[in-house]
Amino acid sequence: MADTYKDLMGLLDEQEKWRASCLNMIASENVTSGSVRKAMCSDFGHRYAEGLLGGQVNGLQLFERFYQGTRVFDRVEAIAMKLSEEIFSAEHANIVPISGAVANLVAYKGLAKYGDKVSGLSIPAGGHISHTKVSSAGVMGLNEVAYPFDNEEMNIDVDAAKAMLLKERPRIMIFGASLFLFPHPLKELRETADEIGAVVMYDAAHVLGLIAGGKFQKPFQEGADVMTASTHKTFPGPQGGVIMCRNEYNKKIDNAAFPGLMSNHHLHHVAGYAIACTEMKEYGEKYASQTVKNAKALASALYEQGFKVLCEKKGFTESHQVVVDVSDIGGGRKIAESFEEANIIINKNLLPWDPLDRTSNPSGIRIGVQEMTHVGMREPQMKEIALLMKRLAYDGEKPEKIRDEVGNIRKNYVKVQYCFD
Ligand SMILES: *Cc1c(COP(=O)(O)O)cnc(C)c1O
């Protein structure tokens, strides 16, 4: 086993070295500060803190734990909850879900019954699998109905959606997506939710960090009852999940999380998330605003280089994502693979007009700028990146040659910014 052990330790090093020399532009990933990484390797990762929350004293949560030894962690979790509530204007936060998909499952279990419907976007239009029968929604026996989508606006068609909602009467109306360029019409559809007695759920998996910095929509102010999220996409925390809600729903959500679905809630993730919350409170506005600026800069530079970037008329994007139709230059798979050879890491992506069976070679690519923003890149680097992408996709230059230039850009941006390290 000693050899296999050595191999594995070598692979850890190889991954660190490789991805530190890449332009990491997967829209759902990020890198964390040294302090968050410290939390992830800390003793909290060895422990349990099963239990429901007790009452509050001096604004801090008390806990009813089942095991001993949680004295220190209780303080950490209380801070995580309090900061979440402040940052996101939530009445209640629960950090128990261990991923975004599990947070969605908690919402479904707490708020719907088997056989109910949920409304969301279809997968090609940007909906996440956890909004559908093949994943978390299916576990709870829920059936999905899709909002009509306006391909030009890359958004939900509000009037058509109203008509659909009045007819289908879903129990939970889901907003938020994985292909997510513009804020969703929460405000516009809140009244319809009241009319049909639906709960409004906002899935902020992708945009939690932008919301934290005040640079995307404000779900609770716009009418959301529940917000679920991953804690590691634009929000620069450890991989994990979180769910927040109005007080009206807090018992149902807490019970669905524990004992409903979770036993251990990955305490190291809660600690890392709390630290990331302090970073976002202090630096979140700057980070989020630079992220959106970088996405716009990359999009317009790509557009100038001849790429078919979506939504030119709308300024391309209001999020961390840039979406490009590459169907006439070989399709998403070929482009994503050739970029990877040059150490530019992105993903192929269905576009709203693609049939589901094109998943292995869809029309689009999705690029996220949040991670490279987090290590300090700004508009000039976005322009350089766009040019490298054009030389790969349009000029047929060899990936090996581009890879050296990628390394040269990247070597000046290795340390996480927007943190206390
Ligand atoms: C990524 C994503 C999720 C799932 O989050 P995980 O943390 O990967 O489980 C849920 N919803 C949306 C919209 C997502 O993009």
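1. **Two domains.** In this predicted model, the centres of domain 1 and domain 2 lie 27 Å apart, taken over C-alpha atoms. Domain 1 covers residues 89-263 of the protein chain, and domain 2 covers 284-410. Look for these two stretches before anything else.

2. **The contact between them.** Domain 1 puts 24 residues into the contact, and domain 2 puts in 28 residues. Together the two domains bury about 2100 Å² between them. Carbon and sulfur atoms account for 69% of that buried area.

3. **Three residues to find.** On the side of domain 1, pick out Pro124, Leu181 and Phe182. These three supply 28% of the area that domain 1 buries against domain 2. No other three residues supply as much.

4. **The ligand and its shell.** Now turn to the ligand. Around the ligand there are 14 residues. Those that come nearest are Gly100, Ala101, Ser178, Asp203 and Lys233. By type, the shell holds 9 polar residues, 3 nonpolar and 2 charged.

5. **One helix in the shell.** Which helix gives the largest share of the shell around the ligand? Helix α4, residues 100-111, gives that share, with 3 residues. Gly100 and Ala101, already named among the nearest residues, fall within the residue range of this helix.

6. **Polar contacts to the ligand.** Three distances are worth checking on screen. A backbone N or O atom of Gly100 sits 2.8 Å from a ligand oxygen. A polar backbone atom of Ala101 is also 2.8 Å from an oxygen atom of the ligand. Ser230 uses its side chain: an N or O atom there is 2.9 Å from a ligand oxygen. As for cover, the ligand has 380 Å² of accessible area on its own, and the protein covers 87% of it.

7. **A cis peptide bond.** Is the peptide bond from Phe258 to Pro259 cis or trans? The bond is cis, with omega near 5°. Pro259 belongs to helix α9, which spans residues 250-261. Most peptide bonds are trans, so a cis bond deserves a second look.

8. **A positive phi.** Met154 has phi near 50°. That value is positive, and the residue is not glycine. Most residues other than glycine have a negative phi. Where does Met154 lie? Met154 is in the loop between strands β7 (149-150) and β8 (155-156).

Notes: Residues numbered from 1 in each chain as written. Predicted model: local features only at pLDDT ≥ 70, side-chain atom pairs only at ≥ 80, totals over all residues. Heavy atoms only, no water. Near = heavy atom within 4 Å. Polar contact = N/O pair within 3.5 Å; in protein donor to acceptor, adjacent residues only side chain to side chain. Areas by Shrake-Rupley, 256 points an atom, 1.4 Å probe, with all protein chains shown as cover. Helix = DSSP H or I, 4+ residues; strand = E, 2+ residues; numbered from the N terminus. Nonpolar A, V, L, I, M, F, W, Y, C, P; charged D, E, K, R; others polar. Domains from an automatic or database assignment. Contact = heavy atoms within 4.5 Å. Buried area = accessible area lost by both parts, 1.4 Å probe.
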